[in-house]
Amino acid sequence: MIQEALTQESFIVGLKELARRDEDFAGILEKWGNPPKWEEKPGFSGLVRTILGQQVSVGSASATMKRLCETVVPLTPENLLKFDDIQLKTCGISRQKIIYLKELAIAIFNQDLNLQELAFADDITIRNQLKRIKGIGDWTVDIYLLMCLQRPDAFPKGDLGVIVAYQKLKNLSTRPTPDDMEIIAENWRPWRAIAARILWNFYLKS
């Protein structure tokens, strides 16, 4: 089943419902207001930005993305493949991520992957298609679904920010595992992507 992308209206509906279900979420919203409806462009540039965000801070990933976009103009698969590893490394991209970005660019250039068509597929199909590309795992797919495609129930169960925020919010002595978070998040369906945004906002502000 393909869920409609989050709109500002459905975002507000989801926030209200989550606040009703969880008093701690309600407290966050009361103290800090609604979280940003964070979003990235779908397609190649959005997936590149998501890959650059693997295991680094948001600020670091954004700075690297900015340098890349200033170097590869415009940022397309064909243009990226014109640059060698040394040139891309000057943008602040690690050797491993250069491999990932080139693998993605080659798959699109060779028409093995069509991100425009994939945007209309269900979450499982998108996950299976994207994970065929070297360097794209569940976290990257989850963030792409959540940020770029604005799927309302996408949930990055392995995201450190989400996990740490939940531990702090609930005053837990031990940090939940990704599997724990997946079980916990069942209570937030079909608004898990909004719950993640609430937790990220709490993580950033608390």
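**Group meeting: a walk from helix α10**

The buried residues of α10 are Thr-140, Val-141, Asp-142, Ile-143, Tyr-144, Leu-145, Leu-146, Met-147 and Cys-148. A caution before I go on: this is a predicted model. So let's stay with α10 for a moment.

How much of α10 is buried? Nine of its eleven residues are, so the helix is largely enclosed by the rest of the structure. What does it pack against? The buried residues of α10 lie against α3, α8, α9 and α13. For orientation, α3 covers 44–52 and α9 covers 123–130.

Take one residue from that list, Thr-140. Helix α10 runs over residues 138–148, and Thr-140 sits in it. Its relative accessible area is 2%, so Thr-140 is buried. Under 20% is the cut-off for that word. Which side chain does Thr-140 reach with a polar contact? The partner is Gln-54, and the side chains are joined at 2.7 Å. Gln-54 also turns up among the residues that Thr-140 touches beyond four places in sequence. The others there are Leu-47, Thr-50, Ile-51 and Gly-135.

Now the end of the helix. After α10 comes Gln-150, with a positive phi near 55°. Gln-150 is not a glycine. Its place is in the loop between α10 and α11, and α11 spans 160–169. Buried or exposed? Gln-150 has 5% relative accessibility, so it counts as buried.

There is a second residue to set beside that. Gln-111 has phi near 65°, again positive and again not a glycine. Gln-111 is found in the loop between α7 (95–109) and α8 (115–118). Here the relative accessible area is 72%, so Gln-111 is exposed. So we have two glutamines with positive phi: Gln-150 is buried, whereas Gln-111 is exposed. Why point these out? Because most residues other than glycine have a negative phi, and most peptide bonds are trans.

That brings me to the peptide bonds. Two cis bonds to mark. One runs from Val-73 to Pro-74, with omega near -10°. Pro-74 is placed in the loop between α4 (58–71) and α5 (77–80). The other runs from Arg-189 to Pro-190, with omega near 0°. Pro-190 is in the loop between α12, residues 178–184, and α13.

Next, α13 itself. Helix α1 is residues 8–21 and helix α13 is residues 192–205. Two packed helices are described by the angle between their axes and the distance between the axes. For this pair the angle is about 75°, and the axes are 9 Å apart. The two helices are therefore roughly perpendicular to each other. Which residues meet? From α1 we have Ser-10, Phe-11, Gly-14, Leu-15 and Leu-18; from α13, Ile-194, Ala-195, Arg-197 and Ile-198. Sorted by class, this contact has six nonpolar, two polar and one charged residues.

Look at Phe-11 in that contact. Phe-11 belongs to helix α1. With 2% relative accessibility, Phe-11 counts as buried. Leaving aside neighbours within four places in sequence, Phe-11 is in contact with Leu-6, Pro-35, Pro-36, Lys-37, Ile-194 and Arg-197. One spacing to note: the C-alpha atoms of Phe-11 and Pro-152 are separated by 8.2 Å, though the two residues are 141 apart along the chain.

Now the core. How many residues are in the largest nonpolar core? There are 64, and Leu-68, Leu-130 and Trp-188 touch the most other members. Helix α13 gives this core its largest share, eight residues.

Trp-188 deserves a closer look. Not counting residues up to four places away in sequence, Trp-188 touches Leu-18, Arg-21, Asp-22 and Phe-25, among others. The rest of that set is Phe-155, Tyr-166, Met-181, Ala-195 and Leu-199. Two names here came up a moment ago: Leu-18 and Ala-195 are also in the contact of α1 with α13.

Last stop, on the outside. Ile-183 is found in helix α12. At 62% relative accessibility, Ile-183 counts as exposed. Over 50% is the cut-off for that word. Where does Ile-183 stand relative to Leu-169? The two are 14 residues apart along the chain, and their C-alpha atoms are separated by 17 Å.

To recap: α10 is largely enclosed, because nine of its eleven residues are buried. Helices α1 and α13 are roughly perpendicular. The peptide bonds into Pro-74 and Pro-190 are cis. Happy to take questions.

Technical notes. Residues are numbered from 1 along each chain as its sequence is written. This is a predicted model: local features need pLDDT of at least 70, side-chain atom pairs count only at pLDDT 80 or more; totals for chains, interfaces and linings use all residues. Side-chain values use heavy atoms; hydrogens and water are left out. Helices (H or I, at least four residues) and strands (E, at least two) are DSSP runs, numbered from the N terminus. Buried means under 20% relative accessible area, exposed over 50%, partly exposed in between (1.4 Å probe, protein chains only). A polar contact is a pair of N or O atoms within 3.5 Å; within protein, one must be able to donate a hydrogen and the other to accept it, and residues adjacent in sequence count only if both atoms are side-chain atoms. Contact means heavy atoms within 4.5 Å. Axes are lines fitted to C-alpha atoms, for helices over the stretch in contact, and angles run from 0 to 180 degrees between N-to-C directions. Angles under 35 degrees count as roughly parallel, over 145 as roughly antiparallel, 65 to 115 as roughly perpendicular and the rest as oblique. Ala, Val, Leu, Ile, Met, Phe, Trp, Tyr, Cys and Pro count as nonpolar, Asp, Glu, Lys and Arg as charged, and the others, Gly among them, as polar. A nonpolar core is a set of buried Ala, Val, Leu, Ile, Met, Phe, Trp, Tyr and Cys residues joined through side-chain atoms within 4.5 Å.
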